[in-house]
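Student: I would like to work through this structure with you, one point at a time. Shall we open it?

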Amino acid sequence: TLSDIYEALIAEKNSQATLIGLEPAIDSHQTLLANLTSQSKVASWRLMLAVVAVGLWVHEQLWDVAKAELTDLANKAQAGTTRWYRDQCLYFQYGDTLQWLNGKYQYFVINPALQIVQRAACVEAGGNLIIKVAKLVSGVVTPLDVTELAAFTTYINQIKYAGTVTQVVSAAADLLKLQYKVYYNPLVMAADGTLLSDGVTKPAEVAINDFITNLPFNGRLNLSAIDDAVQAATGVLDVSRTLAEAKYGIIPYAAITDYYYPNAGYLNIDPAYPLAANITYIATL
């Protein structure tokens, strides 16, 4: 801080035997500021130190700004990492043409209204770069349609590093099937899982749906974490998970042991196995 710098200069001044005579012997940035607003004269050497301190302080701020700018440039550099590819997915502009500018393919004008990809993840598997993308429709994660996917794939083929084998995935959500026994407080919750206070809200179902909705795109579904979310729901005293299975596309359901990474990048509860029919409520006193 400016105060730190000024007082460091004062400390150095006090360490010099030839300068001991400069008064006041005890000085600080705070006392200097107080003296500046008084009618008394302020020693010129104090003003000189104050000017030097301000100069040093401004210099430090400028270095901080320069460092931030350089860090930002480095982060945006074409490093060819999975993070870089993920960022490029979000820059895709549907219906716009790429141009060769400043040694790379890019859009001449950035138009956020054309950036339809709002969810993206890139992972390496078997020597390939798997690129998973989706858009939002009324706040709901949705796969790109056939035309959008074709345009996006062409975009990736243009900007990718030579020799990189890419596989673009934009598919319907992986489906999740869960079954629970929920032990509830009958003073708070009804036998169908609704709160007695409003007769509508089902806290266990809300906890599960919120957990799935808030998972990061291509994030890991951790079964113990979703169990904890149900356990923490209003009116729930204890919980026991009796089934957890997931599927992708036409692949049959398979049991989840501890965690699951969605192939499409996101998950939905299978409407054929709704939570309302797969949670058993047991009153507990």
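Student: Does Arg83 count as buried or exposed, and at what relative accessibility?
Tutor: Keep in mind that this is a predicted model. The cut-off for exposed is over 50% relative accessible area. Arg83 passes that cut-off, so Arg83 counts as exposed, at 57%.

Student: Which side chain meets Arg83 in a salt bridge at 3.6 Å, N to O?
Tutor: Look within helix α4, residues 82–91. The partner is 4 residues from Arg83, so about one helical turn separates the two. This partner is buried, with a relative accessible area of 17%. The side chain is that of Asp87.

Student: Which residues are linked with Arg83 in a network of salt bridges?
Tutor: Asp87 is one of them, as its salt bridge with Arg83 suggests. Another arginine joins the network. The residues linked with Arg83 are Arg86 and Asp87.

Student: How many salt bridges does a search of the whole structure find?
Tutor: The pair Asp87 and Arg83 is one case. Another is Lys202 with Glu205, at 3.8 Å, N to O. Here Lys202 is partly exposed at 23%, while Glu205 is buried at 15%. The search of the whole structure finds 6.

Student: How many residues apart in sequence are the parts that Asp227 and Arg241 tie together?
Tutor: Their side chains meet in a salt bridge at 2.8 Å, N to O. Asp227 lies in helix α7 (residues 223–231) and Arg241 in strand β9 (residues 236–247), so the pair ties together parts that are apart in sequence by 14 residues.

Student: Of Asp227 and Arg241, which is buried?
Tutor: Buried means under 20% relative accessible area. Arg241 has 30%, so it counts as partly exposed. At 14%, the buried residue is Asp227.

Student: How many of the 10 residues of strand β4 are buried?
Tutor: Strand β4 spans residues 128–137. The strand is mostly covered. The number buried is 7.

Student: Which strand runs parallel to β4?
Tutor: Strand β3 (residues 119–125) is joined to β4 by 7 bridges, but that pair runs antiparallel. Strand β5 (residues 140–142) also pairs with β4 in the antiparallel sense, over 3 bridges. The parallel partner is joined to β4 by 4 bridges, and Ile130 stands opposite its Gln167. The strand is β6.

Student: Which residue takes a positive phi near 55° in the hairpin of β4 and β5?
Tutor: The hairpin of β3 and β4 has 2 residues between the strands, and there Gly126 takes a positive phi near 60°. The hairpin of β4 and β5 has 2 residues between its strands. There, the residue with a positive phi near 55° is Ser138.

Student: What volume does the second largest pocket have?
Tutor: Its lining holds 19 residues, with Val141, Ile212, Thr213, Leu267 and Asn268 nearest its centre. β5, α6 and β12 each supply at least two residues of that lining. Val141 also stands opposite Leu136 in the pairing of β4 and β5. The pocket volume is about 360 Å³.

Student: Which residues make the nonpolar surface patch of about 330 Å²?
Tutor: Start in helix α3 (residues 44–76), the place of Val54. At 38% relative accessibility, Val54 counts as partly exposed. The patch is made by Val54, Trp57, Val58 and Leu62.

Notes. Residues are numbered from 1 along each chain as its sequence is written. This is a predicted model: local features need pLDDT of at least 70, side-chain atom pairs count only at pLDDT 80 or more; totals for chains, interfaces and linings use all residues. Side-chain values use heavy atoms; hydrogens and water are left out. Buried means under 20% relative accessible area, exposed over 50%, partly exposed in between (1.4 Å probe, protein chains only). Two strands pair if DSSP finds at least two bridges between them. Patches are made of residues with over 30% relative accessible area and no salt bridge: like charges are joined within 9 Å, nonpolar side chains (Val, Leu, Ile, Met, Phe, Trp, Tyr) within 5 Å. Accessible areas come from the Shrake-Rupley method with a 1.4 Å probe; for residues, only the protein chains shown count as cover. A salt bridge is a side-chain nitrogen of Lys or Arg within 4 Å of a carboxyl oxygen of Asp or Glu. On a 1 Å grid over the protein atoms alone, a cavity is a set of points where a 1.4 Å probe fits but cannot get out, and a pocket is an open set with protein on both sides within 12 Å along at least five of seven lines; lining residues have an atom within 4 Å of a point. Grid points are joined across faces, edges and corners, and a volume is the space filled by probe spheres set on the points.
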